[in-house]
Every structure is written in C-alpha cells, then in structure tokens.
Amino acid sequence: MKRSGIFLFVFLLIFSLNLKAQKFEKLVQYVNPLIGTEKMGHTYPGATAPFGAIQLSPETDTISYEMNGKYNGDVYKYCAGYCYEDKTIVGFSSTHFSGTGHSDLGDFLVMPTVGKLQLNPGTATNPENGYRSRFSHQNETAEAGYYKVKLDDHNILAELTSTTRVGVHRYTFPKSDQAHIILDLMAGIYNYDGKNVWTYVRVENGNTITGYRQTNGWARTRTVYFAMTFSKPFKSYGQKNYDGKQVYNGFWRKFDQTKNFPEIAGKNLKMYFDFDTNENEAIEVKLAISPVSQANALENLEKETGNLSFDQVKAQTQEIWNKELNKIVIKGSETEKINFYTAMYHTFINPTTYTDVNGEYKGLDQNIHKAEGFTNYTTFSLWDTYRALHPFFNIIQPKRNSDMVKSMMAHYNQFSMKMLPIWSHYANDNWCMSGYHSVSVVADAIIKGNYLGDAKEALKACVETANKRDYEGIGYYIDKGYIPAEKSGTSVSNTLEYAYDDWAIAQLAKHLGETEIYNQFIKRSENWKNNFDKTVGFMRPRLADGSFKKDFNALSTHGQGFIEGNSWNYSFFVPQNPEALIEIMGGKKKFASKLDELFTMHLPDEFFADTEDITREGIIGGYVHGNEPAHHVAYFYNWAGQPWKTQAQIRRILEMQYKATPDGLGGNDDTGQMSAWYILSSLGFYPVAPGSEDYAIGSPAIDHAVLNLENGKTFEIEAIDQSPKNIYVQKILLNGKEIKNFTLKHSDVMNGGKLSFYMSSKPRKQFYLNTNFTNISH
C-alpha cells in the first residue's frame, strides 16, 4: 500500500471511531435532495460534501441561454442543471449552484453509453439520436452525498458520490464491446456560442487525463483545472473538435488528433473513452477539480480519494454529513424531520470551498495565493444570504463563517477596485443584485464575536466599499440621500438596501469605538425616509428634482424602482429602524393594518406574470416569500404590539412554503437563504436586522431541539403543547426567567441553556398589548 493510502486508512479509522464515540443520531436518512428540484426551487439532487468544491449532479437538458440572438426564457428552469419535470438525462457534470436565479458552471459533463458512439446529446423528444438517455424517478435515489439513477436507453446504472474536491462516478454496464464514457467539454449551464474560451486535455496514461477549461460567463474570467482517472484502462480514446474552420490552423495538423492522440486543445471539444465490459461490470471514474493547476487537481484526487473505493467514499461523506446535521437534533414527525434536515443540508452546501488541499487558490488578481490558517470560500450570493444564512452560521458554523469573512477580506485585498464582494464566485465578482451586503455579514460576525481577523481592517473595507461612488448610484445616494429614478431602474431598492447596510457599518463602528464613522453612517442609514411618500404611504421612486415619479403602482414589479419585489413588499424594508417606519406610516394600529392587508390581499396574476422565479405558490396575499426583500416582515407585528399575528403568519408561511416534495419550495432556495429562514423560524426566532445581537421571537414549529454549539455548550429549545393548532406563545422562559419583550439575544444562545415556549390555540392579546418590545440598536 502507498504511504498516502496508509495515511488515508489511518485517518478514516480514527475519524470513524471518533464519530462512533460521539453517538450521533442517524440524521442523514431524513435528507431528501430532490426537494426543490421541481418548479422554482432550483436545487440539484446530486452528490456533494458539506461546503464542497465539487457538486456532482445530473443535467436533464442542454437548453441554450441564447435563441435567435436574444435571451431564451426556457433556460431559467435549468439554473441547477436538473429539472424534475424532465424525462431524460444528458450526463453528470461536476459544478453547480444550489437554488440560484441565475447560473453558470456545469463543467466536465460525463456520460456513459453503449452501442454506436454518438457525441451529439440528442433531444428530449428523441434521445436515441444522441448520447442522452431516458430515466424514471422510480429508478432514482438521492441522498446526502449520494445519487443513483438507471439510464434506461443504455441499461446502465449510474451512481455518484463526492469528497470536498473529488467527484466519484460508478457506472455499471451491460456486456458490450462498444461501451463508452463521454467527456463533453463543451457542455455547460447557461451556455451559448462563445462561452468556452479555451480547453486543454492531456492524456497522462491509460487511465488518467488532466486538463482545464476556461469560460467567459457570469464569472467573466474563470478557469477550472481537472484530473480524471478510470478504474479500468480504456482500450482506445478520441476527440472531436467543433471549433469550425479557421484561417490559421498551425502545424498541429501534421497529426491525426482525432484518435489516440495524447494532447489536444481547442474551444469546443468532446472526448470519448472506449471499453469492453462484462455483464454488470462497474467502472469507477474519479474527477478532481482545482482553481490553480492540473498538478493541484491530481494532488486533490490523491489526497482525498487515493485508493478508496466508491463505497468507501460514500460512507465517509455520509458520516461527515451526519456529523454536520447533528449540530441540531430535533424531535418531531418524520415529515418535519425531512423538511428540517433537508433545509440544513441545503444551508451547508454554499458557500463552497475554494482552496486546494495544499491551501492554494486563485485570487481576484488572477494570481495564486495560499490561505494561511483559514479555508477560502467562494459562491457568495450575499443579497440573499446576509439575511438568515450567515446569521445562522454565526450560531451553528461560527468558525466557517469567520473563514468566510476572511475570504471576503482576501477578495477585497486582491481586487483592483478595493471592494468587498457583491456576488462572487471562482475569483470573479459578477455584480449581481443590489446593495453591498457583505458589510452586513462582516459586521454581524464581528459584533457577535466570531470573526478571528483584524476587525478595524474589516471596518475600513466596509467603509471603502460603501463609498465607491461610481458603483450603482452610490455617488448620488451620498450626495442627495437617495438615487434619482432617472439614474437607475432600481433606484428605490438600492437606496433602501444601502441604508440598511450603512446601519450595519454604523453598528460595527460603534462596537469598535469609531465614533466619527458611526455618526456618518448612522445618519446615512436614515436615507430610506427620502423615498417614502407620505401622501400614498409607500416607498416610491424620486426624481432628481426632488419630486416623486408619476404613474406609480405599488403592486407592479416593473418600472417602479425595485428589484425582485414591488413597493408593497419593499415599503417594509427598514429592518434597522422599525420604530421610525411605524411612526412614519401612522402609528402601530395603522402599521399593523397595513401588514394585515399585505398578507390578505389578492395579488392579480398580471403583477407577477413576467417574473421568472415567482408563481402563485410562492405568494401569500401580496407577501412574496419566494423572493427575499420581505423575509423579515412577518416579524414586524412584534413592534406593532401584535405579536400573535407574527406567530400566526410565521406558521402559515412554514406550512405553505416548505413541503417534503420535489416542488416543496415556494421560490429559489438562493444558496440556502430560504432554508435558513425555515430553520430559524422553526426554532422560534429570527434575525430581523443582522448586525444586532437581537433575534425577534416568532412561533416554534418543532417540539424540541438541542443546538450542539462549537463552544461545547448546548442550547435547548422546547415548545410545550406545540401543534398545528397551538401556534400562539403564552409564555417564554429563558433558563427559568420569563422573557416579556419577545426578544432573544445572541449571547443567550451561545452561553447555552434552555428556552421554553408555552403554546396555546389562543393568543394572549391583552398581555401582548401591555408589553413594551425591544428596540433594535441605533
């Protein structure tokens, strides 16, 4: 046995004994990765490790992003590559986003076939004309770290598992002298002509190849290196180049590069590897990726999988998943456990690891760096995840969240523009969505005592990002206190989100004793008032001359100055100062009535018919849970003195928007934000304004939970007499002492202890009306 193999064996033995010693519950059985794969959830069902760099999953079609020179709307269904409604599988690729509303990736698509070699994927209606295959959900299994499906047209059983950086395929073939494994290097998600910049492949020996792929997509400059090994030597191999004729062909034309040629390059390549197989013969394929080099990809492959078999990798990864899931142990029905632990699974997929086993990664400057003392992460969908995912990590994954903030600081330091990330992946910022919400994540981690880096340097990065005048209207925002509607189609939502982010910076400055910065940004945090039109009671686009834009419609999502929302939802986007919002809207009674109207109105189809990611299922009244801007709004009843309505709406949202079915998510999971909302709300509290130590109390939907914290303490939650009817909180005790302001502090959780909810079918309205609710810090 090789030294690396001995090392792996000893490591796994110790790891396994350690897991058994901790007596973890078998929670991996409750994860169903198929939840969210139908309709708008945009999750994928394939195999990944917690926060894994590899996401090995099936693709069910090859829809192009472009049609007749324009955006092809049908491509939106394939943000995660897999659409539950489809009947065919094209292949299995190594990189995916989970739950996003835009996409990229889909690298290194692998497909096993038998019979005549076909390098064309074929069509969904006629799969026999290509390498794709029909499949049935009856012959499909998806688990945490494992996926299996029968490819009916080829009579091949396909299985997938994964480590952090290596995807492992196992294909069980029928007897054939025409068995093939295709490597389609042209395939990708949100693909179009010209997206592939360059591809290189080197055949190292009879069962190993290496190479890289560079694309220009959502990430403008993205290079992914790979190393791929087969458990059985291929008898022959070849490639086809789809680049078309070029004026200059060079002198590589002296060779026949189509068959058994060890070094190929081009923009659009497909490769195939031929085998003779016996009946039920399994061929395993290991494919490792790296952001740095082919050599690092080989090292990742050797260090993480070595001589491990498919079954050993699967067992190892599922044990790791089980350990992660045991960070929260709940009691409840099987359906409740499936929803809860699948939500935990989805929160532990992103952000993704972006360092090789040797610590190297590619930075924003496109140079190679080494992460010293931390794991570098990528895939930061911050417009979504600052709200609940990162606050959830501050409780359950504080060390990882600290590393994520360090990754954001590395992004800032390596970036020529000196900004923290907006939406980053693979050493790029794709600038998607509004706000500069990395500052919220940074502030929240530092204020809650989790960040292990230089806090003052982090504050400096926050301030510099917030003062980037030439980025999306910030200059106008600083000078005028709002962004004129003539200057931006998302002027209102940008102003509101900047104001919240500025409040987060102010809280960080206050925490660090930086009074001048605090004063500057706490003043900026009130800029939301400049877009509130008291004459109509809504946030409204404002023109450069100070007047409000005419032709205003509070229900419309188009041309009204908002992104992924309308004024009805965004008018409540002042999480940093609900008291002032209540006052400007006419006081608690009127404010609560307006919330009532939001949750009970009928939103006509015309107001979301042209919105890709929202259907009727994702809407409650006019409240759109499938998009994030109003995720905190149900908790605002607390500040209006009517917390029983918070409790009722939270339970309504949990029941309507989260189901243990493939179509069980009411909107994009958005790299775990929707799932984090579910987890925290099910536990009974939610971070209305990250950057504060306060959590707003809701209505717990589980009977009992134990949070096993990284500091070695436990926080126990019990909901006495909780049921689908008993949704109202009668009394809350923290370590035996009553909480009367419906607020839980972060330190209360992290210090360990017991939170007890006493539930009933009727609210204590008179008690609530006499209660003074806490103020968020200013």
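1. Among contacts in the chain between residues at least 6 apart in sequence, what percentage join residues at least 24 apart? In this predicted model, the share is 70%.

2. As to overall form, the chain contains 19 helices and 38 strands. Its radius of gyration is 26 Å, close to the 28 Å that the globule rule gives for 778 residues, and the chain is therefore as compact as a globular protein of that length. Measured out along the principal axes, the C-alpha trace spans about 80 × 60 × 50 Å, and 63% of the 778 residues count as buried.

3. On the nonpolar interior, the largest core has 220 residues, and those with the most contacts inside it are F92, I328 and L707. Helix α11, covering residues 491-511, gives the most to this core, with eleven residues. A second, separate core has ten residues, including V166, A227, L308 and F310. In soluble globular proteins, nonpolar side chains tend to be buried together.

4. The surroundings of L707 deserve a look of their own. Leaving aside residues up to four places away in sequence, L707 touches K327, I328, I395, I396, L683, K713, T714, F715, I717 and V749. One of these partners, I328, is itself named with F92 and L707 among the residues with the most contacts inside the largest core.

5. Turning to internal voids, the structure holds seven cavities of 30 Å³ or more, and the largest cavity has a volume of about 130 Å³. The lining of the largest cavity is made up of 20 residues, of which L364, N376, Y377, S407 and H411 lie nearest its centre. By class, this lining has ten nonpolar, nine polar and one charged residues.

6. Which elements supply at least two residues each of the lining of the largest cavity? They are β22 (360-362), β24 (377-378) and α7 (398-414). The largest share, five residues, comes from α7.

7. Finally, R222 lies in strand β15, which comprises residues 222-230. Buried or exposed, how does R222 count? With a relative accessibility of 1%, against a cut-off of under 20% for burial, R222 counts as buried. Not counting residues up to four places away in sequence, R222 touches D104, L105, D107, R213, Q214, T215, H425, Y426 and N428. By contrast with these contacts, R222 and D479, which are 257 residues apart in sequence, lie 36 Å apart in space, taken C-alpha to C-alpha.

Conventions:
Residues numbered from 1 in each chain as written. Heavy atoms only, no water. 1 Å grid on protein atoms, 1.4 Å probe; cavity = no way out; pocket = protein on both sides within 12 Å on 5 of 7 lines; lining within 4 Å. Points joined across faces, edges and corners; volume = space filled by probe spheres on them. Helix = DSSP H or I, 4+ residues; strand = E, 2+ residues; numbered from the N terminus. Nonpolar A, V, L, I, M, F, W, Y, C, P; charged D, E, K, R; others polar. Core = buried A, V, L, I, M, F, W, Y, C linked by side-chain atoms within 4.5 Å. Buried < 20%, exposed > 50% of the residue type's maximum accessible area, 1.4 Å probe, protein only. Contact = heavy atoms within 4.5 Å. Rg over C-alpha atoms; globule rule 2.2 N^0.38 Å.
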